Amino acid sequence: MNKNTPGVIHLNPKDNVAVAPFALAAGQELFEPALKLMADIPAGHKVAVSHIAKGEPVLKYGQVIGFATESIAPGCHVHVHNIELHDFTRDYAIGSEVKEPGILPEAEQASFMGYLRPDGRVGTRNYLGVITTVNCTASITRFIADRFTPEELAQYPNVDGIVPIHHGSGCCVIDEGYHNLMRTLAGFANHPNFAGVLVVGLGCETCLVTNLEKEYSLPEGPRLKYLNTQDVGGTGPTVEAGVGLLREMMREANRTQRQKVSARHLVLGLECGGSDAYSGITANPSLGAAADLLVKNGGTAILSETPEIYGAEHLLTRRAVSREVGEKIIGRIKWWENYTKLNGAQINNNPTPGNKAGGISTIMEKSLGAVAKAGSSNLNQVYLYAETVTQSGLVFMDSPGYDAASITGMVAGGANLICFTTGRGTVYGSKPAPVIKLASNSPMYERMSGDMDINCGLVLDGEQDIARMGRRIFETMLAVASGQPTKSEAQGYGDHEFVPWHIGVVM
């Protein structure tokens with residue numbers, strides 16, 4: 001948009017606010033719509049385009065994002081100083097917008113070069129993992145991984161590396177917290193991006209290795225081995241035994257070759273973090289277009305972060321393929337309302353300082369932008385955190401809004417690829433699932449080009465539309481799934497980003 005002829009972005013004819021594409025100054029005359037600015041409008045922030053009376057809803061994306069706390073004249077800045085959020089009725093209309101899926105025949109589906117596993121799943125990477133069940137043996141996972149020098153790893157060119165998976169819990173977790181953590185550990189131990197996994201426990205913790213075997217049907221075999229440090233004889237013997245087991249796995253893993261497979265084998269985790277007001281205009285809807293292409297090609301897209309669909313969940317229930325699926329979404333929202341209340345917090349107070357600085361005023365505004373990542377496909381299923389995803393198409397996974405915990409849950413559920421949109425700039429990366437970073441605006445992309453894979457700010461700049469940007473993201477997904485490294489992979493991210501959602505009582 002030309003700064004010499006200032007305009008604003010009016011997203012929906014119903015909206016009584018618009019978004020500044022760049023910083024605008026008080027007194028400027030806008031041409032679209034015709035308006036004189038009554039205040040400075042920072043880049044990405046909202047300006048009233050019609051009079052909003054005190055108590056009236058503020059509309060963006062054609063939806064309520066809050067209510068005016070005072071009378072707001074056209075041309076005034078609309079943000080946290082004059083908008084608030086309170087409860088109001090939303091029409092869930094479960095299933096009212098379900099449509100024919102339109103999945104392409106397999107012969108017409110896009111393809112990528114992946115690692116076909118014995119159970120029929122496909123990996124996008126070929127790592128070996130060493131996972132701790134409890135923090136007491138976290139250092140041992142690092143000691144084992146560090147024994148493999150670059151020179152030794154270079155002898156196995158088809159192996160992407162050794163990934164140490166460690167965390168800060170596992171000893172005295174109970175009830176829901178126990179099941180969350182065990183599902184997460186089981187999901188990583190059985191992930192298709194791992195050619196082999198060694199699980200290391202202490203021997204007296206709640207999250208015992210034997211529980212993974214029995215409760216999650218993960219018996220020892222050529223691709224999965226268990227060690228208990230107390231049984232083996234302490235740190236040194238455990239490290240020696242672990243290195244020996246991984247070397248055996250590495251020889252087998254190196255025999256695995258990429259082969260051409262259908263895109264239906266892609267399980268994509270959808271994430272946004274460090275969002276700004278442009279995220280819901282450029283990067284998120286572009287990712288939604290890519291997710292729709294993946295679903296059309298038979299693949300799976302996982303939307304998560306329950307606190308960040310709050311206030312926009314009615315857009316998902318309308319696309320739920322059954323009443324049961326729609327009620328599951330509503331049920332998770334109610335769980336979170338109760339959970340936050342019990343912990344003295346409010347689910348409707350989620351935007352971070354960075355979000356607010358970027359122009360997002362309320363959780364509803366943030367959620368409406370976040371849901372755009374899910375495109376327009378039917379919602380086929382709803383899963384608990386880290387639960388194994390078996391349904392193709394668009395699905396939802398319950399998770400917190402914390403990026404690292406959300407992505408950890410989706411990877412545990414089977415995501416073999418992540419797309420992560422950001423407006424403020426996030427430098428996150430993960431293993432074993434590669435992360436593609438999508439920038440919402442060009443200035444941030446240029447400032448942080450070493451971390452960003454795609455500049456969706458070109459949509460705002462008028463150089464691309466949503467459909468073409470979605471196609472570009474989809475093609476990048478196929479390339480990365482075939483082995484092209486992402487920016488975060490090139491920098492070595494992923495050894496410290498395993499963050500299970502800790503919930504409930506720790507004794």
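Select strand β6, residues 63-68, in this predicted model. Is the strand mostly covered or mostly open? Strand β6 is mostly covered, with 5 of its 6 residues buried.

Next, add strand β5, residues 57-60. Strands β5 and β6 pair in the antiparallel sense, over 4 bridges. Pick L59 and look across: V64 in β6 stands opposite.

Now go to the turn. β5 and β6 form a hairpin with 2 residues between the strands. Click on Y61 in this hairpin. Y61 takes a positive phi near 60°.

Keep β6 on screen and select strand β8, residues 83-84. How do β6 and β8 pair? They pair in the antiparallel sense, over 2 bridges. Select A68 to see one facing pair: I83 in β8 stands opposite. So far, β6 has been seen pairing with β5 and with β8.

Leave the strands and turn to the cysteines. How many disulfides does a search of the whole structure find? The count is 0.

Select C172 and C171 together. Why is there no bond between their sulfurs? The sulfur of C171 is the closest cysteine sulfur to that of C172, yet the two are 3.4 Å apart, too far for a bond. The cut-off for a disulfide is within 2.5 Å. C172 is partly exposed, with a relative accessible area of 31%.

Last stop: C204. This cysteine is in no disulfide either. The nearest cysteine sulfur to C204 is that of C171, 6.4 Å away. Is C204 buried or exposed? C204 is exposed, with a relative accessible area of 55%.

Note on methods: Residues numbered from 1 in each chain as written. Predicted model: local features only at pLDDT ≥ 70, side-chain atom pairs only at ≥ 80, totals over all residues. Heavy atoms only, no water. Buried < 20%, exposed > 50% of the residue type's maximum accessible area, 1.4 Å probe, protein only. Pairing = 2+ DSSP bridges.
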